[in-house]
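Work through the exercises below with the sequence and the model side by side. Try each task before reading its solution.

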Amino acid sequence: EDGNQFDDEDPFHILLMGETFSNPKVNEEYVSVTLSYVLSMPSEDAREHSKFASEQGMSCLGTWTHKECLNLGGQLMSRDIVCRVVPYTEGSSSAWQAKEAKDGEPAPSLEPSSFE
């Protein structure tokens, strides 16, 4: 099967890119209002995604079908929101991605103070 062929019903993500904020007329408030309008996202969630993308360079806005992502992504881009539509993926079962260790113990802390 050709890896570039997707079914309209396959799950995809929309990523909000930090590049959005390089446009001088676009700010976090504008992005959050746009996310709420286009995606029907609750305003507090939209503010969090907008702030995160602005500070960290991207934010995963959610998962929809491929067809829905293309439609919603197009609506966002027409409103000066830089976004990417990417295939859905789950985290792997690799030990380094696990939330808990095998025996049920919490994974080690990644806080810098835990390495001292």
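The exercises that follow concern a predicted model, and they go from the whole chain to one strand and its partners.

**Exercise 1.** Find how many helices and strands the protein has, and in what order they run.

*Solution.* Begin by counting the elements, which gives three helices and three strands. Then follow the chain from the N terminus, where the order of the elements reads β-α-α-β-α-β.

**Exercise 2.** State what share of the residues counts as buried, and describe the accessible surface of the protein.

*Solution.* Take as buried any residue with under 20% relative accessible area; by this cut-off, 28% of the 116 residues of the protein are buried. Turning to the surface, the accessible area comes to about 8100 Å², and carbon and sulfur atoms account for 51% of that area.

**Exercise 3.** Decide whether strand S1, residues 11-17, is mostly covered or mostly open.

*Solution.* Apply the cut-off to each residue of the strand: six of the seven residues in S1 are buried, and the strand is thus described as mostly covered.

**Exercise 4.** Determine which strands pair with S1, and what stands opposite Ile14 in each of them.

*Solution.* Look at strand S2, residues 58-65, which runs antiparallel to S1 and is joined to S1 by seven bridges; in S2, Gly62 is the bridge partner of Ile14. Next consider strand S3, residues 83-87, which is also antiparallel to S1 and is joined to S1 by five bridges; here Val85 is the residue opposite Ile14.

Conventions: Residues numbered from 1 in each chain as written. Predicted model: local features only at pLDDT ≥ 70, side-chain atom pairs only at ≥ 80, totals over all residues. Heavy atoms only, no water. Helix = DSSP H or I, 4+ residues; strand = E, 2+ residues; numbered from the N terminus. Buried < 20%, exposed > 50% of the residue type's maximum accessible area, 1.4 Å probe, protein only. Areas by Shrake-Rupley, 256 points an atom, 1.4 Å probe, with all protein chains shown as cover. Pairing = 2+ DSSP bridges.
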